[in-house]
Amino acid sequence: MRKYLFTLAAALGVVALGVTGAQAGTGGVQPPAGVVSSTPAAGTPHFNATQDNPVEQIRQLVQCGGTMYAVGTFSAIIRGSTTYQRENIFSFSATAPFTVTSFAPDVVGTATSSGGVINSIAFVGGNCSDAYIGGHFTSINGTSVQNIAEISTSTGSVVTTFGSNANGVVETLLGYANHVLVGGYYTSINNNSSDPYMTSLDPATGKDDGFLQLNISGNYQYPGVSSNPTRVYNQALSHSGTLDLVMGDFTSVGGLQREQIFMLNLATDPVTVTGWTSPEWDGSNPSYPFECATNEPFYIQAAAWSPDDSTVYIGTTGYHPIGYPVGRTPRTGLCDAAAAFPSTQTSVLHEWVNYTGCDSLYAAAADANAAYFAGHERYSMNADDCDALGPGAYNAPGMEGLQPTTGDLYVNSAGTAGYYSRARGAGADDMLLTSAGLWIASTNRGGNQTCGGQHRHAEHEGPRRPTGAPDPRARARRPRGPPRAQWFSRSRRSPERSRRDPWRGPDSPTVPRAEP
């Protein structure tokens, strides 16, 4: 869920990003009319263009009314020539010129290995006057709180009638009807331990309202696996507004075997767990390689719905399945891949899988023309190699747009690389499609902030490409002025998202993973 915001530009950053450029892949397709532009929008807010310590990061972007809200771990943002001091949260206009507002709560907290100071923000019932935030923080404008709070979007102050105490990190928030659906590492929230890890709160009081009674438990156990506490990490609400995809680390939900991800039917009260699952990730059939590298046991960290809710797209981390080789060998399973599954509420198998070749994906979004994924990846359609550009694969650093029914990569006009690109940094925690384009949440790790060859931190893909419009990268190149730092776009959560440090080791945490 975190990163900078910006809009996509041309794929001129491929060589600058240090990825292999010697081979053109096979099987990629030209993007149709209607996909988001590959040229980033100008004027979006961004971070400092140099690497900060700790790394600054946007974890999630949400629009309410005509305003965008961004949360994460940061102390300042830049728009144009002006620097704004903002502590882990800020807002700006949802359309050009993306003016930064005066909203500036002082949120004090600590980023963790699995999240930021603020990991998530939500609104309930279209009320943009108050926002709900969750993360790892202890005070807001001098008022003591613990990991969750309701705040005024005019003053930034805590709304004290809403409970503000969770005994563990809050990772995800979702407003649904008259409920705030909360997920995280906590086992008690607002002095109630009836529904650990995922709870429905009354938006007025913060009390557990009983809408969720899931009895979530368990974590992943196999030889050599690293510590992976039970938690709920991310959510994705369907366009119909009645189904919720929930990602996290668990083995039992609602009395059913569920791992990595499950689907809730919100139209029932209390909520019910649907029959949607897959042996490709849930452990129900050991013949499928459903366990990933020992230090990345929780790997489905991002999901998105097709516009008609018939398909679920997932983006994963995980490196490689346990017991399977790395190097120039065929990929299998769902580790480090983009994939599509039918949303039928039964046990399902994938429609397609597109492998990065052992690089992580942390964010996903989709429209009628493309499934978009972003992370720390270098390649796409890389089904026959790990940590290198394999036969038939394409360079596609930082993000990719895929044909939604086949998973084929959209490529540039020359057919030599992905249509989209962005600086890999620490990945991209969130993606959000709005009328303005595709927002991508990013970081300033390594001082990187290019999107489509243009310099940004927050990325916002520009307006949709009209029918008959040329590929922007087919234009003659003209000299550019000095690089401009710009920043973010939205997508959301999503190592553990390790909402996450994608620079991980392989099976042993002490052995560095080969990612240049």
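## Leu245 and its surroundings

Start with Leu245, which touches Asn234, Gln235, Ala236, Ile261, Phe262, Met263, Trp276, Ala303, Trp305 and Val312, leaving aside residues up to four places away in sequence. Keep in mind that this is a predicted model.

Why does Leu245 deserve a look? Along with Leu264, Leu245 touches the most other members of the largest nonpolar core, a set of 44 residues. Quite a few strands feed that core: β13 (170-176), β16 (231-237), β17 (243-249), β20 (261-265), β22 (300-305), β23 (311-316) and β24 (337-342) each give two or more residues. A second core sits apart from this one, with 19 residues that include Val71, Val107, Ile118 and Ala131. As a general point, nonpolar side chains tend to be buried together in soluble globular proteins.

## The β2-β3-β6 sheet

Now for the sheets. One is open and antiparallel, built from three strands in the order β2-β3-β6. At its edges you'll find β2 (57-64) and β6 (89-93), each pairing on one side only. Neighbouring strands here are turned by 25° against each other on average, if you ignore direction.

Zoom in on β3 (residues 67-73) and you'll see five bridges joining it to β6, with the two running antiparallel. Thr67 has Ser93 in β6 as its bridge partner.

## The β8-β9-β12 sheet

Another open sheet lines up three strands as β8-β9-β12, again with antiparallel pairing. Why is one side of β8 and of β12 left without a neighbour in the sheet? Both β8 (118-124) and β12 (148-152) are edge strands with a single partner strand each, so nothing in the sheet flanks their other side. From one strand to the next, the twist averages 30°.

Strand β9 (residues 127-135) is tied to β12 by five bridges, and the pair runs antiparallel. Ile133 faces Ala149 across that pairing, with Ala149 sitting in β12.

## Strands β14 and β15

Last stop: a strand pair further along the chain. Strand β14 (residues 179-184) pairs with β15 over four bridges, in the antiparallel sense. Val182 has Thr199 of β15 as its bridge partner.

Which way do the residues of β15 (residues 198-201) point, and are they buried or exposed? Met198 and Ser200 go one way, Thr199 and Leu201 go the other, and all of them are buried. Thr199, then, is both the bridge partner of Val182 and a buried residue of β15.

Notes:
Residues numbered from 1 in each chain as written. Predicted model: local features only at pLDDT ≥ 70, side-chain atom pairs only at ≥ 80, totals over all residues. Heavy atoms only, no water. Buried < 20%, exposed > 50% of the residue type's maximum accessible area, 1.4 Å probe, protein only. Pairing = 2+ DSSP bridges. Core = buried A, V, L, I, M, F, W, Y, C linked by side-chain atoms within 4.5 Å. Contact = heavy atoms within 4.5 Å. Axes fitted to C-alpha atoms, helices over the stretch in contact; angles between N-to-C directions.
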